[in-house]
Amino acid sequence: MAEVKIKNLSKRFNLDSPLAVDGVNLDIADGEFLVLLGPSGCGKTTTLRCIAGLETQTEGEIYIGDQLVNGLPAGERDIAFVFQFYALYPHLSAYDNVAFPLRAQNLQKDEVDQRVQQVAKLLRIEKILKRRPTGLPSGEQQRIALGRAIIRRPQVFLMDEPLTNLDAALRTDMRVELKHLQADMATTMIYVTHDQTEALSMAHRIAIMNLGVLQQVGTPLEVYNHPATLFVAGFIGTPPMNLINCHLNGSNSLSDESGAFTISISEIQNLKSKIQNPNAPLMFGVRSEDISVDTAEGAGEVRGEVIVREPLGDETIYEVEIGQNIIRVKTEPTLILNTGDNVGLNFAHDRIHIFDAESQKAIKF
Amino acid sequence: MVNSGLTQNNQLDKEHSGDKPLRVRFRWLTDNRMSFLFLSPTMLLLLFIAIFPLIWSLRLSFTDWSVIGDAGKIPEPVGFHSYGTALGLGETRTEKRVGVEVAERFAITGQFVLPTVIIELLLGFGLAMLLNRKFLGRGLLMTVMLIPMMLTPVIVALYWKYMLRTDIGVINYLIHDIFGGPRIDWLNQIKIAIWALVLADVWMWTPFMMLISLAGLSAVPKYLYEAADVDQASAWFKFRHITLPMVTPLLLIAVLFRTMDAYRLFDQAWVLTGGGPGGSTEVMSFYLYLVAFKDFETGLASAIGYIMLIVIIALANLLIRKINEIADEG
């Protein structure tokens, strides 16, 4: 068990290719469950593989515990890696696969057996220990791969999208199991995924990456409630945050280009002082659950026309057109609106976000 | 336009057929029949150059007909007599000699096929392991290494005939003049001549084994090796438990091809050693040729041919069964 420190990590695969990982700094506490989240190609897997020693970073330092592991091969870093495609040895039985890391350490046969049985019980794979992995359902292959990872009691677990190849129901189960497993073992875990549900539900902290750059690190609620960049705002949350191009309009309001969307914010004085150039393009952001619909005539901060209705059972999402903008609103399923209805929208002012459209960063107020 | 076209067609139809239009007259020509028509030239060709001779030779194998002595006569069936003779059940002295010869030739063939395929497998797989990485000039090197495989066997044999000569051959130059060994008369010594055939065949067909092995090696997923790295597996473990099991099925298919091919070796034996010295390199195909076209024992030769066929089918089936077993294990 150990903490992991990443300092200024950069990775370039070829001399002329762009940086796959661009100056990532990350401190992961001992026993923490950290999820690296981002779209495919954002550099999250490369970061993980650098930590594992499966890739060599172009620049930067990686510490596991107190040890600088830059030059160490994967086998000497005392980590366990779970691969997206499980990477089980096809010609070894489930038992031998799980036992393998212990045998590589020349442990006594009795202890190997004892620990394999222990792990098998934990992961509920006792019955398939004698079978070879090929031909087993993917969920069980995944358990064997997990077994092989946890049996050595490594300092750090590294997991590369381990649940991606499971079907939806199994994925939900395994999510819970993995969370329990990590909590029980209290081992540092770095977990890569592109699935925000996985990240939000399992992580102690989430590190969100895009285009090789670390965007934000924070607890699930922090990144959800206070996205630091436009990317995080658009990536986290279903449906994604409503984002509207706008600019400061006079002293206390924001407007889009046509003026169809105009909203007065009492905090505007405060806001104005945060912006160097009052004419700079801004992004107004608000989550669909922070908007309420007012059907009374002429009511609401802004008014628009309902164009799409998505009933999801426990909630209904309406798309409302305001000038050239489309705003998604999450409502109670009991509220029935028809397309073409003209409705008013009110925003929860303590939960709105304003971003600098050029620097892409959130403006705090 | 459309209308006038139609009218024209109708007129054409009528001109050539009297009353009925073409589409009525050719109603029998369904898609199925049409495809059969297109296929028929190939089928006929195949029938005459492959299927008919096969059946005819099967018939001849049950006679004692000779293409020279019995030309013009109708072959007389003698049952399994020729098969009996070939398998050493003959009664006369000549027949008994044939039985002994066939057994000897099978042994010679085995002495050629077994080392050839094993050496080709080991060398080819070894080369593939070496080539299974990125390095400068890999493409060029591979192309060069594949050349022997693309040459005509007779040409290869001619090369080797010169290279193996005692006076001007480069092999003996290497052995004698460079390493100080004795000159070896490769082609005229009873126990060595067969190895000259092995040598030429290994040179020619190792690239084939290499190619197939390379295909197998590059199909092994990289993450398996990475998992083994994380688990501190030794290089031997990676080879034994990842590489080998993953490429074995493909290697066995290559072995199957090479075994079948080496089993019917003729060209190199003909050019390099001419079956000599003392018949020590008369592999089965070569012996069969002698029986058929020197002794003109057409019936006997056909029987021997079918025995060869049965043997190779049996061998191939053993290998295929093994391949399927491995494939089932998964």
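Trainee: What volume does the largest cavity have?
Mentor: About 50 Å³. Keep in mind that this is a predicted model.

Trainee: And how many cavities of 30 Å³ or more are there?
Mentor: The count is one.

Trainee: Which residues line the largest cavity?
Mentor: From chain A, the lining takes Ala80(A), Phe81(A), Phe83(A), Ala145(A), Arg148(A) and Ala149(A). From chain B, it takes Ala227(B), Val230(B) and Asp231(B).

Trainee: Which helices and strands supply at least two residues each of that lining?
Mentor: In chain A, strand E6 and helix H4 (138-150) do. In chain B, helix H10 (222-230) does.

Trainee: Which element gives the most to the lining?
Mentor: H4(A), with three residues.

Trainee: How does the lining split by class?
Mentor: Seven residues are nonpolar and two are charged. No polar residue takes part in the lining of the largest cavity.

Trainee: On to the interface. How much area do chain A and chain B bury between them?
Mentor: About 1800 Å². Carbon and sulfur atoms account for 63% of that.

Trainee: Which three residues supply more than any other three of the area that chain A buries against chain B?
Mentor: Tyr89(A), His91(A) and Phe100(A). Together they supply 28% of the area on the chain A side.

Trainee: How many residues does each chain bring to the contact?
Mentor: Chain A brings 24 residues, and chain B brings 17 residues.

Trainee: What about polar contacts between the two chains?
Mentor: Six residue pairs are in polar contact between chain A and chain B, counting pairs with both residues at pLDDT 80 or more.

Trainee: Which elements of chain A each supply at least two residues of the side that touches chain B?
Mentor: Strand E6 (79-82) and helix H2 (94-104). E6 also helps line the largest cavity.

Trainee: What classes make up that side of chain A?
Mentor: The residues of chain A that touch chain B are 15 nonpolar, four polar and five charged.

Trainee: How many salt bridges are there between chain A and chain B?
Mentor: Two. Over all chains, the whole structure has 26 salt bridges.

Trainee: Give me one between the chains. Which residue does Glu226(B) pair with?
Mentor: Arg49(A), at 2.4 Å from N to O.

Trainee: Why does that pair join two chains?
Mentor: Because Arg49(A) lies in helix H1 (residues 44-52) of chain A, while Glu226(B) lies in helix H10 of chain B. H10 is also one of the elements that line the largest cavity.

Trainee: Now the backbone. Where is the cis peptide bond?
Mentor: Between Thr238(A) and Pro239(A), with omega about -10°. Pro239(A) sits in the loop between helix H8 (230-235) and strand E11 (242-249) of chain A.

Trainee: What is the phi of Asn106(A)?
Mentor: About 60°, so to speak on the positive side, although Asn106(A) is not a glycine.

Trainee: Where does Asn106(A) lie?
Mentor: In the loop between H2 and helix H3 (109-123) of chain A. H2 is the helix named earlier on the side of chain A that touches chain B.

Trainee: Over to chain B. Where is Ser57(B)?
Mentor: In helix H3 (residues 31-60) of chain B.

Trainee: What is Ser57(B) in contact with, leaving aside its neighbours within four places in sequence?
Mentor: Ser302(B) and Tyr306(B).

Trainee: How far apart are Ser57(B) and Val156(B) in space?
Mentor: 31 Å, C-alpha to C-alpha. In sequence, Ser57(B) and Val156(B) are 99 residues apart.

Methods. Residues are numbered from 1 along each chain as its sequence is written. Chains are lettered from A and ligands numbered from 1 in the order in which they are written. This is a predicted model: local features need pLDDT of at least 70, side-chain atom pairs count only at pLDDT 80 or more; totals for chains, interfaces and linings use all residues. Side-chain values use heavy atoms; hydrogens and water are left out. Contact means heavy atoms within 4.5 Å. Buried area is the accessible area (1.4 Å probe) that two parts lose on being put together, summed over both. A salt bridge is a side-chain nitrogen of Lys or Arg within 4 Å of a carboxyl oxygen of Asp or Glu. A polar contact is a pair of N or O atoms within 3.5 Å; within protein, one must be able to donate a hydrogen and the other to accept it, and residues adjacent in sequence count only if both atoms are side-chain atoms. Helices (H or I, at least four residues) and strands (E, at least two) are DSSP runs, numbered from the N terminus. Ala, Val, Leu, Ile, Met, Phe, Trp, Tyr, Cys and Pro count as nonpolar, Asp, Glu, Lys and Arg as charged, and the others, Gly among them, as polar. On a 1 Å grid over the protein atoms alone, a cavity is a set of points where a 1.4 Å probe fits but cannot get out, and a pocket is an open set with protein on both sides within 12 Å along at least five of seven lines; lining residues have an atom within 4 Å of a point. Grid points are joined across faces, edges and corners, and a volume is the space filled by probe spheres set on the points.
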